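Please open the structure in your viewer and keep the selection tool at hand, since this tour moves from one selection to the next and says what can be found at each stop.

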Amino acid sequence: LSAFYFYSYVAMQIPTGVLADSWGPRRLLTLGTLVAALGAVLFALAPNIVWAMAGRLLIGGSVAVAFVCLLKLAASWFAPNRFAMVSGLALFCGIIGAVCAGPPLRILVDYFGWRIVILFTAFMALVVGLCTWIFVRDYPEEKGFRNFITSGSAASLKKRNGMVADLFHVFRYRNTFLLFLIPGGIVGAVLTFSGLWGVPYLITSHNVSPTEAATLSSALLVAWALGGPFFGWLSDRLNNRKLLYLVGCGIAVVGWAVIIFGHDISMITLVTVLLVIGFASGCMIISFAFVKESVPTALAGTVSGVINMGVMMGPMILQPVVGWVLDRMWSGETQMGIRVYSIMAYRGGFSLMLAWILLSFILLLLTRETGCRQMVE
């Protein structure tokens, strides 16, 4: 049920990127919020698991347009030397939403019931859709402001040959393929740990209470939210993408190794390392500015969809695969009807996370630095 969101989210990324380039973000964002509201209603009123999955599928596919459209808008409305920072702020807002879907949502569900709360989110999606249609414009000149996409790039937009041709076009550039694979390891580790397996692991391996474990997982997300704008801003400031990305990814590799394989870690060390991992993982936001500068400007939406697809493939693959490893290494112990996994089982599953992040670091070494300049028009 959890992964159904990611299935449709990932599947919609490339179509979203192409549609953002052709339809424009305003129409796509408005339509996305309307479908998300429909999916939330379906989920809230679901009489069984099949209808609940259908609701999750609709929600995932519809909200898939949000981040790519924000990046498309940022390319037009903000100067290129602010793109990474703006992308980081968008990530910050998105993660704050995820944090609110933790303990605050649980309190509301306990008080009002989950169906009422989800129906309220459907209503809020409609409000967001209405505000988007009223206030958002695809291009700054519609409001009398300067458009930061050059006229040459705008002209090339008219020469497009369709979705498949655009897709093949962006993969002609080496950075596209590399940056498609790199952020999935970083994001997959964060969301697999904080969103699914981190709480039981912390309880088993570090003897913390369920409340403390949930708080630590939320703290990891908050640190990630703060790291995104910081890495985006610093990357723009230093006119460098690759080196800063390598630093953040390298710190994440070391941090996860400590969490997974460390023995007798004190609470202070545990909290510190998780916060450092979360903050360092914010480096993945550089992917979007990095790849935008590596392909023609007219294909910014398409390549953003490609990279965001790679981002979300991380949790989509790692969440169920880690679970599969845990089941394979399960000793048969249960507690109140729930399977209890050993520390060795968790280490076996989480080793897959660490392997992907290590691969991300190696692939980063092969990328071509852009110097925060548009390398291809």
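Start by selecting lysine 72, which has its place in helix 5. Bear in mind throughout the tour that this is a predicted model. Is lysine 72 buried or exposed? Its relative accessibility is 6%, and because anything under 20% is called buried, lysine 72 counts as buried. If you now show what surrounds lysine 72, leaving out residues up to four places away in sequence, you will find that it touches Ala20, Asp21, Pro25, Ala298 and Gly301.

**Helix 2 against helix 5**

Next, select residues 13–22, which make up helix 2, and show them together with helix 5. When you look at such a pair, it helps to know that two packed helices are described by the angle between their axes and the distance between the axes. Helix 2 and helix 5 pack at an angle of about 35°, and their axes are 9 Å apart. The crossing in which helix 2 passes helix 5 is right-handed. On the side of helix 2 the contact is made by Gln13, Thr16, Gly17, Ala20 and Asp21, while helix 5 contributes Val65, Val68, Cys69 and Lys72, the last of these being the lysine at which the tour began. Sorted by class, the residues of this contact divide into four nonpolar, three polar and two charged.

**Helix 5 against helix 6**

Keep helix 5, residues 65–77, on the screen and add helix 6, residues 83–100. The axes of these two helices come within 10 Å and cross at roughly 150°. How do helix 5 and helix 6 run, roughly parallel or roughly antiparallel to each other? Angles over 145 degrees count as roughly antiparallel, and helix 5 and helix 6 are therefore roughly antiparallel to each other. Their crossing is right-handed. To see where they meet, select Phe67, Leu70, Leu71, Ala74 and Ala75 of helix 5, and then Phe83, Val86, Ser87, Ala90 and Leu91 of helix 6. By class, this contact holds nine nonpolar residues, one polar residue and no charged residues.

While helix 6 is still displayed, select phenylalanine 92, which also belongs to this helix. With a relative accessible area of 27%, phenylalanine 92 is partly exposed. Leaving aside neighbours within four places in sequence, phenylalanine 92 is in contact with Ala225, Leu226 and Pro229. Proline 229 is 137 residues away from phenylalanine 92 in sequence, and yet the two are 6.9 Å apart in space, C-alpha to C-alpha.

**Another pair brought together from afar in sequence**

Move on to aspartate 166, which is found in helix 10, residues 163–170. Aspartate 166 counts as buried, at 4% relative accessibility. Draw a distance from its C-alpha atom to that of glycine 17, and you should read 9.9 Å, although these residues are 149 apart along the chain. Glycine 17 is one of the residues of helix 2 that you selected at the contact with helix 5.

**Aromatic rings**

The structure holds 21 aromatic pairs. For one of them, select tyrosine 111 and phenylalanine 112, whose ring centres are 4.7 Å apart and whose planes stand at 80°, so the pair is edge-to-face. Tyrosine 111 is exposed, with a relative accessible area of 68%, whereas phenylalanine 112 counts as partly exposed at 49%. Then select phenylalanine 230 and phenylalanine 231, another edge-to-face pair, with 5.7 Å from centre to centre and 85° between the planes. Here phenylalanine 230 is partly exposed at 35%, but phenylalanine 231 is buried at 5%. Finally, colour Phe193, Trp197, Tyr201, Trp256, Tyr341, Tyr346 and Phe350, which form one aromatic cluster.

**Two asparagines in loops**

For the last stops, recall that most residues other than glycine have a negative phi. Select asparagine 207, in the loop between helix 11 (174–206) and helix 12 (210–238), where phi is near 55° and therefore has a positive value. Asparagine 207 is exposed, with a relative accessible area of 69%. Then follow helix 12 onwards to asparagine 239, in the loop between helix 12 and helix 13 (242–261). Phi of asparagine 239 is likewise near 55°, and at 45% relative accessibility this residue counts as partly exposed.

Methods: Residues numbered from 1 in each chain as written. Predicted model: local features only at pLDDT ≥ 70, side-chain atom pairs only at ≥ 80, totals over all residues. Heavy atoms only, no water. Axes fitted to C-alpha atoms, helices over the stretch in contact; angles between N-to-C directions. Helix = DSSP H or I, 4+ residues; strand = E, 2+ residues; numbered from the N terminus. Parallel < 35°, antiparallel > 145°, perpendicular 65-115°, else oblique. Left-handed = near helix turned anticlockwise from the far one by under 90°. Contact = heavy atoms within 4.5 Å. Nonpolar A, V, L, I, M, F, W, Y, C, P; charged D, E, K, R; others polar. Buried < 20%, exposed > 50% of the residue type's maximum accessible area, 1.4 Å probe, protein only. Phe/Tyr/Trp six-rings, centres within 6.5 Å; stacked < 30°, edge-to-face > 60°.
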